[in-house]
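Here are three short exercises to work through with the model open. Try each task before you read its solution.

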Amino acid sequence: MEPRGGPRDKCGVVGVSLADTDAALSIYYGLYALQHRGQESAGIVTHDGFQQHTHVEMGLVGDAITEADIEDLPGSAGIGHVRYPTSGGVEKDCAQPFSVSFRSGSLALGHNGNLVNAAEVRSDLEHQGHAFTSNGDTEVIAHDLARNLLEEDLVRAVKRTMDRIHGSYSLTIMHDDTVLGLRDPQGNRPLVIGELDDGYILASESVAIDTLGGELLRDVKPGELVILEPDGSGFDSFQLFDLDHTAHCFFEYVYFARPDSIIDDKLVYEVRRSLGRTLYREHGVDTDVVMPVPDSGRSFASGYAAAAKAAGSEVEFAEGLMKNRYVGRTFIMPTQEARERAVRLKLNPIRSTVDGRSVTLIDDSIVRGTTSTQLVDLLREAGAEEVHLRIGSPPIIAPCYMGIDMATREELIAADQSIEEIRDVVGADSLDYLSVDEVAEALSESRADLCMACVTGKYPYAVEGEETDRDVTAPTVGEPMGAQADD
């Protein structure tokens, strides 16, 4: 993957309701399993039946939450969150879960995704007297829901908030000691439910359930509200929206989710291998060795090499780049020169794999092109005679407004350059990507049910100044309640 400016994981959420056990430690382990989804902050909020307890801190899970912090978070119900800042800043006041206390009790929210009408809803709430402490969209959802809870029961209050907000969201919510899970009407971000020995869990990915020894039950459906029983005995489901088409984020399968996760009934590892096989069938090239860009290219390269072998090729599948796991993320380096140096610190070629040989290098995507250029240079310096680049997704031509920290169009190398021009920039002997249709086919999904806005430039939500790929009607904030968020 690309360094700074490349797509960054959005956020990860967990919600737990247990029978007789404090929830904080289970949430902590669940967040550890979702650490790849956010590394700026981590937090846990619990409720002991009488009051809410909160600990939110900047940093990785293991640094932000200590054993002493866990002991100070009593209660058998709680939610947790790991975050990258896609809306709002990196300051602690934007870290989550976000908590509010109001006349009808306490409320905490963890949000994965991004609202595209947050500013409009915030302005309306401010005119009604609501004061905000952060610039994140999660607080907007919290205030709107708190307002509705003053007038409605829990289910109707959630529905009224869904009628006003527009965009991508998977939420874990805690109202007093009741934990809820909510997925936006088009299911853009993943959310699953599982059963534990003594209760139930909601999480962004099934690996959080696996970590706790639980059983994955199913995905939370798009537009579905799931309410966990406070005593851990079960859950209720309310289908608040039921649209004709979903907008599952295809990049979850390409990069963000852990390979061992199951999302929308698909094992991510097998999806990536399928993408790799398609990549060989449609764009294969005869070389001596196939090698991945670690770690995200590994599953693609495995599928690519398997398809090559099945077709009679004698190509070798080998590791040709060794990753130094103790180097920080290159995208936090302050200057371009520092970022370029960090790439060489992070990835080092294995010369015996590449020296005197032709190489196919497999990666999941190209964003700015900086890292791809440096990797091609590294392999040539290590003696590679040819370097052919194959990419397991289409060219990224547009930014994401749904929760991925994506570069602007001006920074995206494919926004205004052809594949041939990109090949010349990165210095590869050849370059090919999967097409949009090839990705949809490998995912066994209709394009109408996928969000592929970053590779098509057409969005499943009404984003000002952008084209849509479907009929979308955004809510008019301030109108009487009842209008659906999407039609």
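**Exercise 1: Cysteines**

Cys 249 has a relative accessibility of 6%; decide whether Cys 249 is buried or exposed, then look for disulfides.

Solution. This is a predicted model, so go step by step.
- Buried means under 20% relative accessible area, so Cys 249, at 6%, is buried.
- Next, find its closest cysteine sulfur: that one sits in Cys 451, 5.9 Å away.
- A disulfide needs the sulfur atoms within 2.5 Å, so the Cys 249 and Cys 451 sulfurs are too far apart for a bond.
- Searching the whole structure gives 0 disulfides.
- Cys 11 is buried too, with a relative accessible area of 3%.

**Exercise 2: A helix pair**

Work out how helix 9 and helix 15 are oriented to each other.

Solution.
- Pick out helix 9 at residues 268–283 and helix 15 at residues 436–443.
- Their axes come within 9 Å and cross at roughly 135 degrees.
- Over 145 degrees would count as roughly antiparallel, and 65 to 115 as roughly perpendicular, so this pair is oblique.
- The crossing of helix 9 and helix 15 is right-handed.
- On the helix 9 side, the contacting residues include Val 271, Leu 275 and Thr 278; on the helix 15 side, they include Val 439, Ala 442 and Leu 443.

**Exercise 3: Confidence**

Find out where the pLDDT is below 50.

Solution.
- Start with the overall picture: the mean pLDDT is 90, and 91% of residues reach 70 or more.
- Residues 86–90 fall below 50, with 20 contacts beyond near neighbours in sequence.
- Residues 329–334 are also below 50, with 22 such contacts.
- Where pLDDT is low, don't read the predicted coordinates in detail.

Key:
Residues numbered from 1 in each chain as written. Predicted model: local features only at pLDDT ≥ 70, side-chain atom pairs only at ≥ 80, totals over all residues. Heavy atoms only, no water. pLDDT = per-residue confidence, 0-100. Contact = heavy atoms within 4.5 Å. Buried < 20%, exposed > 50% of the residue type's maximum accessible area, 1.4 Å probe, protein only. Axes fitted to C-alpha atoms, helices over the stretch in contact; angles between N-to-C directions. Helix = DSSP H or I, 4+ residues; strand = E, 2+ residues; numbered from the N terminus. Parallel < 35°, antiparallel > 145°, perpendicular 65-115°, else oblique. Left-handed = near helix turned anticlockwise from the far one by under 90°.
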